Amino acid sequence: MKSKILALVTVCFLVSCTKSTKTNETTVVADTTGTATFKPADFEEQIVYNRAIEAVIWGMPAVNAELLHESLLKAKGDYNQIVYWSGLISSKNQTLTPNPDVIYINPLYDTRQGPVVLEIPAVEGVSSLTGSVDDGWQTAIEDIGPAGLDKGKGGRYLILPPNYKDIPPIGYIPLQSSTYTGFAILRSNLTDGSPNDIKRAVEYGKKVKIYPLSEADNPPATIFVDLINVDFSNTIPYSVHFFEVLNQFVQREPWLTRDLLMIDQLKSIGIEKGKTFQADARRQEILSAAIKDAHNWIDKKYEKIFTPPFYDGTNWALPASPDVVKAIMSNYLAPNLYPVDERAISYSMAYFSAKKLGTGQFYLMSIKDDNDQSFDGSKLYKLHLPAKVPVKLYWSFTAYDRETHALILGTKYSSRASTSPGLQKNADGSVDIYFGATAPAGKESNWVPTDSKRKFELLGRFYGPEKGFFDKTWKMGDVEEVK
């Protein structure tokens, strides 16, 4: 880690001394690439700038998670309650790459007053949940539901605060959290997407309960906060607010051994446990420049995580490096592995992680067509899916805004799935999905709208993936532009 920091210090120092328009020794100026290049007044300012960049990279998953709670507070909710959507989400939901083809049931927990119980219902016919419980770093503690510890039988999960010493009571499934707060992302699965199917999934999802262990003998009614008609956003703020949110997290959560190096790094930019985060006008200039440059760096690195692809010769890839997947699944206990840089890239465009990725769900993302050109919302594209996609539950493909990684604003819907009503199949059982600002004639039911003025990206979801998916006896090709 130290070598990474020293290397970045060197790189940032060199960048700061080039491509700038000279005004004075204490200004933030823009270079010809659009990056907010920082020009320090002295070496102390250079150190603040460098360490602010490191703070952005290191703190990305924590800020990402903290924003979820911040948005909940604005919606008049809080911890130890459940955020849910009583229907399929629309672009009012501006979280990072959400799934518009399930019913979301998202409990947020706070164990500062003691362990918290999360009750999960057993599978009921076609009704099931897919999801995981994550700590505040968005590291999966365990998966739940049919692909998780309860194997579809349901149960009472007991989320324990950091350094909990008591013996958990019998009858609970204990989950040790490394942070006081965190969340579960639960998806109540659909079958055909009809109004009755959506109603069923909502009613089943609302059987989830959350309450303090101290009140387990007479649990209070769980509070559900319906966000179906609420503007709800937790896209990453590339501004000083990022550091304000990071400070909130640092003040509440314990230091993990793996992160002790960051104590002095954060102190030098004004974030210190037990103290108020303050930044005068000059410090805000420095932090603003640092996060803009960090954003630019992350975005360039983002394009590189699609190599190697999942299918040879295509642009489809899991939007997380093998090292990040390995680190998360081992709770960062794998020796000689702490992929902070690559972790930042993944959490700049998504939230949530699974303990055993590929058991309950798997993801493939693409940002380019078969000619290696970025997806342009003004053009029309086609994705051909061969018949018999190897999944137990469903598949879906969603279009997101390339810049924000959120649902494209103003579109009437954002995806097509095997559960989408009216989806057309070809004679051989294959399916063609279209993406563009205008639907091709006669293919409206298989079309996903885009914004003609913006670039977009695609995320494929495969829920209940089967052996044929991973051994690649079934394979999809790249998205092609329709001329």
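## A buried pair in helix α3

In this predicted model, the side chains of Arg200 and Asp197 come together in a salt bridge, with N and O 2.7 Å apart. The two residues are three places apart in helix α3, and therefore about one helical turn separates them. Both Arg200 and Asp197 are buried.

Other residues of helix α3, which spans residues 195-205, are buried as well, among them Ile198, Ala201, Val202 and Tyr204. The cover over the buried residues of α3 includes the strands β3 (81-84), β5 (103-110), β7 (129-135), β11 (181-188) and β13 (224-226).

## Other salt bridges

The structure holds 18 salt bridges in total. One of them joins the side chains of Glu272 and Lys267, where the N to O distance is 3.9 Å. Glu272 has a relative accessible area of 23%, so it is partly exposed, and Lys267, at 45%, is also partly exposed.

Another salt bridge is formed by Arg402 and Glu303, whose closest N and O atoms are 3.4 Å apart. This pair links distant parts of the chain, since Arg402 lies in the loop between β17 (391-401) and β18, while Glu303 lies in the loop between α6 (281-302) and α7 (322-329), 99 residues apart. Arg402 counts as buried because its relative accessibility is 12%, whereas Glu303, at 36%, counts as partly exposed. Elsewhere, Glu45, Arg282 and Glu285 are joined into one network by salt bridges that share partners.

## A buried arginine without a salt bridge

Arg461 is part of strand β21, which covers residues 456-465. What is the nearest side chain of opposite charge to Arg461? That side chain belongs to Asp101 and is 6.1 Å away, and Arg461, although buried, has no salt bridge.

The side chain of Arg461 does have polar partners: a polar contact of 2.9 Å joins it to the side chain of Tyr400, and one of its polar atoms lies 3.4 Å from the backbone oxygen of Pro98. Beyond residues up to four places away in sequence, Arg461 touches several others, including Asn99, Phe362, Tyr363 and Trp395.

## Two helices that cross

Helix α2 (residues 43-74) and helix α8 (residues 340-347) have axes that come within 7 Å and cross at roughly 35°, and the crossing is left-handed. Where they meet, Ile57, Trp58, Met60, Pro61 and Asn64 of α2 face Val340, Asp341, Arg343, Ala344 and Tyr347 of α8 in contact.

## An exposed lysine

Lys425 sits in the loop between β18 (415-417) and β19 (431-436). Its relative accessible area is 64%, and so Lys425 is exposed. Apart from neighbours within four places in sequence, Lys425 is in contact with Ser430 and Val431.

Technical notes
Residues are numbered from 1 along each chain as its sequence is written. This is a predicted model: local features need pLDDT of at least 70, side-chain atom pairs count only at pLDDT 80 or more; totals for chains, interfaces and linings use all residues. Side-chain values use heavy atoms; hydrogens and water are left out. Helices (H or I, at least four residues) and strands (E, at least two) are DSSP runs, numbered from the N terminus. Buried means under 20% relative accessible area, exposed over 50%, partly exposed in between (1.4 Å probe, protein chains only). Contact means heavy atoms within 4.5 Å. Lys and Arg count as positive and Asp and Glu as negative; His and the chain ends are not counted. A salt bridge is a side-chain nitrogen of Lys or Arg within 4 Å of a carboxyl oxygen of Asp or Glu. A polar contact is a pair of N or O atoms within 3.5 Å; within protein, one must be able to donate a hydrogen and the other to accept it, and residues adjacent in sequence count only if both atoms are side-chain atoms. Axes are lines fitted to C-alpha atoms, for helices over the stretch in contact, and angles run from 0 to 180 degrees between N-to-C directions. A crossing is left-handed if the near helix is turned anticlockwise from the far one by less than a right angle, and right-handed if clockwise.
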